Amino acid sequence: MSLLAAPVQLCGQSCSSPAAGKLRSTPGKLQLLAGAEVGWAPVYGKLSLMGESTLHFDLYVSAGPELVRELIAADAASPEVGRWAVGGRVSIGERLFLSNRFMVRIAASELVYPGRVRGRPEIERKLSIEAGVAWLFGGGR
C-alpha cells in the first residue's frame, strides 16, 4: 500500500501555495521503482511466551541499487516528461516471526537518486516507512 502526500507549501526564493503548474516541476512524482537489496541481520533473538511458543525476531540492515522513473516538467509552463535515474536504497528494519510460516515486518527506508529540478542537478532523497506481513513457504526454523 502506498500513500502519497503533496507539498503544503512550495519554497524557493519565497514560499507560496502550490499551484498545478508549480507542482509539475516539483520532484517526487515517481512512476516506477525497481531494485535489489542485500541484507544482513546482526541482531537475532528468541522470546519464550508462556513456555508453549517462541517468538523469533531480528533487526536487519539492507542496501542496494534502485532504478527510478519519475515524471517532472522543466518549469511550470512545460509539460511533464518521464526520466530515468539510477540511485540506491538503504533500509533498517525489524522482523517478527510469529510462527514458522508467518512473519510481520516494519522498516524505515531511504531512497537517494540524482534529479534535475528547473534545469539544475539535485540529489533527491525520499524517506519511507514500510510495514508488511509475509506467509513463508518451505522449511521452518
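Tyrosine 113 stands opposite glutamate 124 in strand E8. The model described here is predicted.

**The hairpin of E7 and E8**

Strand E7 covers residues 102–117, and 16 bridges join it to E8. The two strands run antiparallel. Between them the hairpin has 2 residues, and arginine 118 takes a positive phi near 50° there. Strand E8 spans residues 120–135, and of its 16 residues the number buried is 1, so this strand lies largely in the open.

**Two residues in other strands**

Leucine 32 and serine 62 are set side by side below.

| Residue | Strand | Relative accessible area |
|---|---|---|
| Leucine 32 | E3 (residues 29–35) | 38%, partly exposed |
| Serine 62 | E5 (residues 53–72) | 5%, buried |

Why does serine 62 count as buried? Its relative accessible area is 5%, and buried means under 20%. Leucine 32, at 38%, falls in the range between 20% and 50% that is called partly exposed.

**Surroundings of serine 62**

The side chain of serine 62 makes a polar contact with the side chain of glutamate 37, at 2.6 Å. Leaving aside residues up to four places away in sequence, serine 62 touches Glu37, Val38 and Gly39, as well as Arg89, Val90 and Ser91. Glu37 is thus one of the residues that serine 62 touches.

**A nonpolar patch**

Which residues form a nonpolar patch on the surface with Leu32? They are Leu67, Trp84 and Val86. Together the four residues of the patch have about 380 Å² of accessible area.

Conventions
Residues are numbered from 1 along each chain as its sequence is written. This is a predicted model: local features need pLDDT of at least 70, side-chain atom pairs count only at pLDDT 80 or more; totals for chains, interfaces and linings use all residues. Side-chain values use heavy atoms; hydrogens and water are left out. Patches are made of residues with over 30% relative accessible area and no salt bridge: like charges are joined within 9 Å, nonpolar side chains (Val, Leu, Ile, Met, Phe, Trp, Tyr) within 5 Å. Accessible areas come from the Shrake-Rupley method with a 1.4 Å probe; for residues, only the protein chains shown count as cover. A salt bridge is a side-chain nitrogen of Lys or Arg within 4 Å of a carboxyl oxygen of Asp or Glu. Helices (H or I, at least four residues) and strands (E, at least two) are DSSP runs, numbered from the N terminus. Buried means under 20% relative accessible area, exposed over 50%, partly exposed in between (1.4 Å probe, protein chains only). A polar contact is a pair of N or O atoms within 3.5 Å; within protein, one must be able to donate a hydrogen and the other to accept it, and residues adjacent in sequence count only if both atoms are side-chain atoms. Contact means heavy atoms within 4.5 Å. Two strands pair if DSSP finds at least two bridges between them.
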